[in-house]
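Biologist: Thanks for sitting down with me. Could you walk me through a few side-chain details once the structure is up?

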Amino acid sequence: MMNHTYIVGTFDVAELAFLLFFAFFIALVFYLNKESRREGYPVEDELTGRVHPKSLFDGDKKVFKLPNGRGTYVPEDVARDPVSIPAKPMFRSAGAPYVPTGDPMVDGLGPAAWANRAKYPDVTADGRPRIIPIGNSYHEMAIAPGDPNIMGWPVIAADGKKAGTITDIWTDQAEHIIRYLEVTTNSGKKVLAPMMVASVQTKGFFGDKPELVEIDAITAEQFERVPELETPGQITRFEEDRIQAYFGGGYMYATPERAEPWL
């Protein structure tokens, strides 16, 4: 009866199960390696920009289906970032920090870096623009009773100077919060400033403080170089990244003192 467990010669069911498991495990490792290399491959050399040849373990391109009939997006089909940037390595080695050679806030270096996002607005679940001026709100958003209406309030920049005046508020129709403040600069240019970098100062308990909005990320003069919107009343994802990066970079590059080491 014991001989009935053999399949061929001395090859039995236990050996077959082991070999099948071993083959499955090897195939699983190979599959997971390929899946983990579907984005960011083939690898690019940091110093020369040379693209390394594709290997057997590199997976196929990942295809994302976009909502609202926008087709598909394949990250690897997007043009690769240029190696020539307005900065130079501090020393010749992969991973060396870059030293800006121009205006890092405009050129998008370090904390001022942005991503080349799609040039269309972020949308709500029903496909409508998500971030719009409060006056265009289709959810009938308004300033709550009792809260200060900051329209017309002066904007004080990092250098203590007036950068402009608040002329509009841009709200998020999905989250129902303020995303941007529209600032009309001293020259008459309209720019957006992220609400996260703004601090609203009211008259205070004793009424002895001036009403103003402080934005200490950048100086008054730098407000004139905030990236502009291509279409009035509409902000694209690309423009959002540019604006957020500009103000974020200001915390390191707005003044020479901020760029110096703390220790």
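Modeller: Happy to. A charge sits over a ring if NZ of Lys or CZ of Arg is within 6 Å of the ring centre and within 35 degrees of the ring normal. Please keep in mind that this is a predicted model.

Biologist: Then over which ring does the charged end of Arg 128 sit?

Modeller: The cut-off for a charge over a ring is 6 Å from the ring centre. The charged end of Arg 128 is 3.8 Å from the centre of its partner ring, and that ring belongs to Tyr 138.

Biologist: And how far is Arg 70 from the ring centre of Tyr 120?

Modeller: Arg 70 lies over the face of Tyr 120. The distance from Arg 70 to that ring centre is 3.8 Å.

Biologist: Thr 236 caught my eye. Is Thr 236 buried or exposed?

Modeller: Thr 236 lies in the loop between strand 13 (212-215) and helix 3 (237-253). Leaving out residues up to four places away in sequence, Thr 236 touches Ala 118, Lys 119, Tyr 120 and Pro 121. Buried means under 20% relative accessible area. Because its relative accessibility is 9%, Thr 236 counts as buried.

Biologist: Let's turn to ring pairs. Are Tyr 246 and Phe 247 stacked or edge-to-face?

Modeller: The structure holds 5 aromatic pairs. In the pair of Tyr 246 and Phe 247, the centres are 6.1 Å apart and the planes make an angle of 75°. Planes over 60 degrees apart count as edge-to-face, so the pair of Tyr 246 and Phe 247 is edge-to-face.

Biologist: Which residue joins Tyr 246 and Phe 247 in one aromatic cluster?

Modeller: Tyr 246 is buried at 2% relative accessibility, and Phe 247 is buried at 0%. The residue that forms one aromatic cluster with Tyr 246 and Phe 247 is Phe 223.

Biologist: What is the relative accessible area of Tyr 180?

Modeller: Tyr 180 lies in strand 10. Beyond residues up to four places away in sequence, Tyr 180 touches residues including Trp 170, Leu 192, Met 195 and Ile 243. Tyr 180 is buried, with a relative accessible area of 0%.

Biologist: Last one: which elements give two or more residues to the lining of the second largest pocket?

Modeller: The second largest pocket has about 240 Å³ of space. Among its 15 lining residues, the closest to the centre are Ile 143, Ala 144, Asp 147, Ile 169 and Ile 178. The elements giving two or more residues to this lining are strand 9 (162-172) and strand 10 (177-185).

Methods: Residues are numbered from 1 along each chain as its sequence is written. This is a predicted model: local features need pLDDT of at least 70, side-chain atom pairs count only at pLDDT 80 or more; totals for chains, interfaces and linings use all residues. Side-chain values use heavy atoms; hydrogens and water are left out. Rings of Phe, Tyr and Trp (its six-membered ring) pair if their centres lie within 6.5 Å; planes under 30 degrees apart count as stacked, over 60 as edge-to-face and the rest as tilted. Buried means under 20% relative accessible area, exposed over 50%, partly exposed in between (1.4 Å probe, protein chains only). On a 1 Å grid over the protein atoms alone, a cavity is a set of points where a 1.4 Å probe fits but cannot get out, and a pocket is an open set with protein on both sides within 12 Å along at least five of seven lines; lining residues have an atom within 4 Å of a point. Grid points are joined across faces, edges and corners, and a volume is the space filled by probe spheres set on the points. Helices (H or I, at least four residues) and strands (E, at least two) are DSSP runs, numbered from the N terminus. Contact means heavy atoms within 4.5 Å.
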